[in-house]
Amino acid sequence: MATAVEMVEIWRGPFLESIHKGHAVVCDAQGNIVQAWGDPAQVILPRSSSKIIQALPLIESGAAKAFGLTQPQLALAGASHNAAAIHTTPVNAWLAHIGKSEEDFLCGPQAPRDRDALHAMIRAHGEPTRCDNNCSGKHAGFLTFCAHSKAPADYTAPDHLLQREVLGAFEELTGETSPGFGIDGCSAPNFACSVHGLAKAMAYCAAARQDGATVRERAAASLVQAMVAYPELVAGEGRACTELMRAMGGKVAVKTGAEAVFIAILPEQKLGVALKIEDGTTRAAECAIAAILVRLGVLQAVHPATLRRMNKPLKNFAGLETGIMRPVAALQA
C-alpha cells in the first residue's frame, strides 16, 4: 500500500505522535469516481463491510419471502452485532423458525461484546455460543438460503451454491473479477476487490429502489432500508455504525469491516463510499469515514456521534486532555 495517503492524525500536545494512512473512494451510480484519496485500484478484503452483498442471495433466491423474513431479520443478516439480547434472542427465534439450531452454524463461538450479556454469561458460569458470534445473523441468513434451496450444510465452502451466488453478485456489483478470497473470522470466504470496486458496489446499492426493474435492485434496496430502519441491530449501543446511522436520521447506511474497512451508502445522493486504513486501526477508519460523511453534507460535524470519532479530545486516566485525534486537512470539508 505504498500509495496510501495520510488520513488521520493523533496529536499529543504540540507533537504529531501518530499518523494513519489509507485509501478512500466516493463513487456515483454510474461507477465514476467523484472523489478519491490514495489509490482507488488498491486491492483489499472488504471483510464485514460486504455483508449487504453476501445477503443478496437470501432475497434473490426467494428464501426470504418463503420464510416470511421481516425487516429486522434482514438487518441482522447484514449485521456485525454486539450479541446483546436484542441480537441473540431474534437470531435464536429465527433458527427455530427455519427448523435449525446454533449447532448448524459454521461460525465459531464468540464472547459477547455487549457488557451486560458478557457479565451475565460470566455470572452464570456460561460459555460463548455461536449465536453470540457477531456474524450469527449473517449465518442465519445463509442457513435460510440453504433450507429453501435444499443446498448442502457446508455453506461456507467456496464452491458451495451459496458462495457461488455471493461471488456472482459481488463481481457484478464491483464490476471486477475478484482476484481471490480470504477466510473471514466467521469461516465464510471473503472476496477481494479494489477500493473503487467496493465503492461502486455501494453506489449500486445507493441507487437501488424497492420498485426497481430487477430482483437484484429490489433486494439491495430492501437490505439498505432494513439497515437504516434498525441501526441498533446492525451493530449495537456505543458502536460507530449504529450511532452514525442514527445521527444521519436514517438517510445513510454505514457498515464497518475488520482491519479498518468502512463503507457508506447514500441513497439520496446515489453515492457509495469505500475506505481502508492500511494499518488496520479501527479508530482511524471511524474518524476518516465520519470526516468523509461530513464533507458530503450528510453528517453534522458537531453531532455527539461525530465528535466521539472525529476531532476527538484524547484524555489520560486522570481525565487530563492530552491531545486530539482528527482527520487531515485534505479530508475536512
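Where does Lys270 lie? Select Lys270 to begin the tour of this predicted model. Lys270 sits in the loop between S9 and strand S10 (271-277). Check its backbone: phi of Lys270 is near 55°, positive in a residue other than glycine. Now turn on the surface. Lys270 has a relative accessible area of 39%. Partly exposed covers the range between 20% and 50%, so Lys270 counts as partly exposed.

**Next stop: Ser187**

Select Ser187. This residue is in the loop between strand S5 (181-183) and strand S6 (189-191). Its phi is also positive, about 85°, and Ser187 is not a glycine. Is Ser187 buried, partly exposed or exposed? Its relative accessibility is 29%, so Ser187 counts as partly exposed.

**Next stop: helix H7**

Select residues 136-149. This is helix H7, with 14 residues. Put a distance monitor between its first and last C-alpha: the helix reaches 20 Å. That is close to the 20 Å expected at 1.5 Å a residue.

How many of the residues of H7 are buried? The count is 11 of 14, and H7 is mostly covered. Colour the buried ones, starting with Ser136, Gly137, Lys138 and His139. Continue with Ala140, Gly141, Phe142 and Leu143. Finish with Thr144, Phe145 and Cys146.

Now show what covers these buried residues. The cover includes helix H1 (51-54), helix H2 (56-60) and helix H3 (63-66). It also includes helix H4 (71-77), helix H5 (85-97) and helix H8 (161-174).

Step off the end of the helix. H7 is followed by Lys150, whose phi is positive, near 55°.

**Last stop: the largest pocket**

Display pockets and pick the largest. Its volume is about 570 Å³. The lining has 33 residues, and the closest to the pocket centre are Arg113, Arg239, Thr256, Thr282 and Glu286. Show these five as sticks.

Which elements each supply at least two residues of the lining? Select helix H12 (240-247) and helix H13 (282-295). Add strand S8 (253-257), strand S9 (261-266) and strand S11 (312-315). H13 gives the largest share of the lining, 5 residues.

Finally, colour the lining by residue class. It divides into 12 nonpolar, 11 polar and 10 charged residues.

Before leaving, keep S9 selected. This strand supplies at least two lining residues of the largest pocket, and the loop between S9 and S10 holds Lys270. That brings the tour back to its starting residue.

Note on methods:
Residues numbered from 1 in each chain as written. Predicted model: local features only at pLDDT ≥ 70, side-chain atom pairs only at ≥ 80, totals over all residues. Heavy atoms only, no water. Helix = DSSP H or I, 4+ residues; strand = E, 2+ residues; numbered from the N terminus. Expected span 1.5 Å × (residues − 1). Buried < 20%, exposed > 50% of the residue type's maximum accessible area, 1.4 Å probe, protein only. Contact = heavy atoms within 4.5 Å. 1 Å grid on protein atoms, 1.4 Å probe; cavity = no way out; pocket = protein on both sides within 12 Å on 5 of 7 lines; lining within 4 Å. Points joined across faces, edges and corners; volume = space filled by probe spheres on them. Nonpolar A, V, L, I, M, F, W, Y, C, P; charged D, E, K, R; others polar.
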